[in-house]
Amino acid sequence: MKSKKLSDQIVKTFKKNGFTLSEPDVLLDSEYIIQRSGENFRRSMLTFENENGKIMCLRPDLTVAACIKFIEKKTKSKIYYSGQAYRRSNKQGFDVVHDQLGIEILGSKNKTQDDYKVIKTILDTTEKKNNKKIQIKVSDINLFKSLINSLDMPERWKLRLIRHFWRPKYFEELLKRLEKNSNIDSITFDTDKKRFFEMKKMNSEKLIAGRSISEILKRFDKKIKDPRSFDKGKQIVKIIRSFLKINCKLSKLDEVLLNFTKKNNLKKNILKDFDSIQNLKKLKKEVNFITNFGRDVEYYTGIVFEIFVEKKEIARGGRYDGLLKSLGAKKDIPAVGAAINLKNLWKILLR
């Protein structure tokens, strides 16, 4: 009963801040998700075959389920949800069922304002219920993209590093290859080239792993025309590694980024677009900016954050401006959201 009371209090705060209830479907078309979001969810989805032979899954994530409902049924743009997500894992002791209580702003019209609104609303749900110290970790995926796009290296490498940033282990392998000026082995390249010519005969609008055939062909064409080697790999990797070591208080961020650009002979303005991060100074909380953070969710495109109380994560979220289009919207729809970790929050309040 006490846990229900806590949920009711949180929902009350959501409503007070202008969020409206949305109830995403529990059952989703698994192929629909995989085709549009790639393999990210395949490993964790709980699937089954329905009476018509169609492969369905229990929703693995309420953000994705809420986005699908928004596209199909045009729900309100500022929503909250309460329910369960279902994910499997090979990790011992991993919970299959996850209680989620969260908010989303779909069709976000003001990035800085809405990013702040989501974080402030989550904080409002917890501050009055405990007097323990709150810490916030933040990063911004766009800063990483801006850095990569500013560096003097072949376009194929820029696309590759940005695309795989959310996979830290594989990303590290890419850095090692870039450092040694090595590239894809000839067998892999020949196989990809064969696939390229096969795909040219397919419907250009067909989606594969969230990208259209035409987009894949365009990128591959650039890769073929790009020089196969260059001599700045070691220097570029050094810059990237240096960037990913940045970890500072929000109050020091301007100074740290300026020193980083000076030290690496980069243009001052390449890392200037972080208004959403700077706007968090208004929270008057302990905010730490960490570049090597928030890389475990593929669909985040901007600000990412986690809120902690006594080193326990009580909420996480971020901006995902490309997710709705990948799920079937006709164009990119900017969006930002967050979910509360009810299990951890409840443990803290019981102390």
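Is N288 buried or exposed? I would like to begin with that residue and then widen the view, and I should say at once that what we are looking at is a predicted model. N288 has a relative accessible area of 16%, and because the cut-off for a buried residue is under 20%, N288 counts as buried.

Let me stay with N288 for a moment. It sits in strand β11, which covers residues 286–290, and its side chain makes a polar contact of 3.3 Å with the side chain of K249. If we leave aside the neighbours within four places in sequence, N288 is in contact with I136, K137, V138, C248 and K249, so please find K249 on the screen, since it appears in this list as well as in the polar contact.

Now to the chain as a whole. The protein chain has 351 residues, of which buried residues make up 50%, and it contains 14 helices and 14 strands. Among the contacts with a separation of 6 or more, 68% are between residues 24 or more positions apart. The chain exposes about 18,900 Å², and carbon and sulfur atoms supply 49% of that area.

Next, the sheet, to which the strand of N288 belongs. Here 9 strands form an open sheet with mixed pairing, and if you trace across the sheet the order is β1-β5-β6-β14-β13-β12-β7-β11-β10. The edge strands are β1, at 20–21, and β10, at 247–249, each of which pairs on one side only.

Let us look at part of that sheet, starting from strand β13, residues 312–319, where 6 of the 8 residues are buried, leaving the strand mostly covered. On one side, β13 runs antiparallel to strand β12, residues 303–309, and 6 bridges join the two. Within that pairing, V309 stands opposite K312, and the hairpin of β12 and β13 has 2 residues between the strands, with E310 taking a positive phi near 50°.

Which strand is joined to β13 by 5 bridges? That is strand β14, residues 335–341, which also runs antiparallel to β13, and in this pairing A315 stands opposite I340. Strand β14 in turn pairs with strand β6, residues 97–106, in the antiparallel sense over 7 bridges, and there L101 stands opposite I340. I340 is therefore a useful residue to click on, because it stands opposite A315 in β13 and also opposite L101 in β6.

There is a further link to β13 from a helix. N344 lies in helix α14, residues 342–350, and, not counting residues up to four places away in sequence, N344 touches K312 and E313. N344 is buried, with a relative accessible area of 14%.

Let me turn to the nonpolar core. The largest one has 96 residues, and the members that touch the most other members are L161, I307 and L324. Helix α3, residues 62–73, gives the largest share of this core, with 8 residues. Taking L161 as our example, and leaving aside its neighbours within four places in sequence, we find it in contact with F144, I148, M153, F171, L174, L175, L178 and I240.

Two of those names, F144 and F171, lead to my last topic, the aromatic rings. A pair of aromatic rings is described by the distance of the centres and the angle of the planes. The structure holds 7 aromatic pairs, and in one of them F144 and F171 meet edge-to-face, 5.8 Å centre to centre with 65° between the planes. This pair links distant parts of the chain, since F144 is in helix α5, residues 141–150, and F171 is in helix α7, residues 168–179, with their positions 27 residues apart.

F171 also pairs edge-to-face with F165, at 5.6 Å centre to centre and with 80° between the planes. Where do these rings lie with respect to the surface, buried or exposed? Both F144 and F171 are buried, F171 with a relative accessible area of 2%, and F165, at 4% relative accessibility, counts as buried too. Taken together, F144, F165 and F171 form one aromatic cluster, and that cluster is where I will stop.

Note on methods
Residues are numbered from 1 along each chain as its sequence is written. This is a predicted model: local features need pLDDT of at least 70, side-chain atom pairs count only at pLDDT 80 or more; totals for chains, interfaces and linings use all residues. Side-chain values use heavy atoms; hydrogens and water are left out. Buried means under 20% relative accessible area, exposed over 50%, partly exposed in between (1.4 Å probe, protein chains only). Helices (H or I, at least four residues) and strands (E, at least two) are DSSP runs, numbered from the N terminus. A polar contact is a pair of N or O atoms within 3.5 Å; within protein, one must be able to donate a hydrogen and the other to accept it, and residues adjacent in sequence count only if both atoms are side-chain atoms. Contact means heavy atoms within 4.5 Å. A nonpolar core is a set of buried Ala, Val, Leu, Ile, Met, Phe, Trp, Tyr and Cys residues joined through side-chain atoms within 4.5 Å. Accessible areas come from the Shrake-Rupley method with a 1.4 Å probe; for residues, only the protein chains shown count as cover. Rings of Phe, Tyr and Trp (its six-membered ring) pair if their centres lie within 6.5 Å; planes under 30 degrees apart count as stacked, over 60 as edge-to-face and the rest as tilted.
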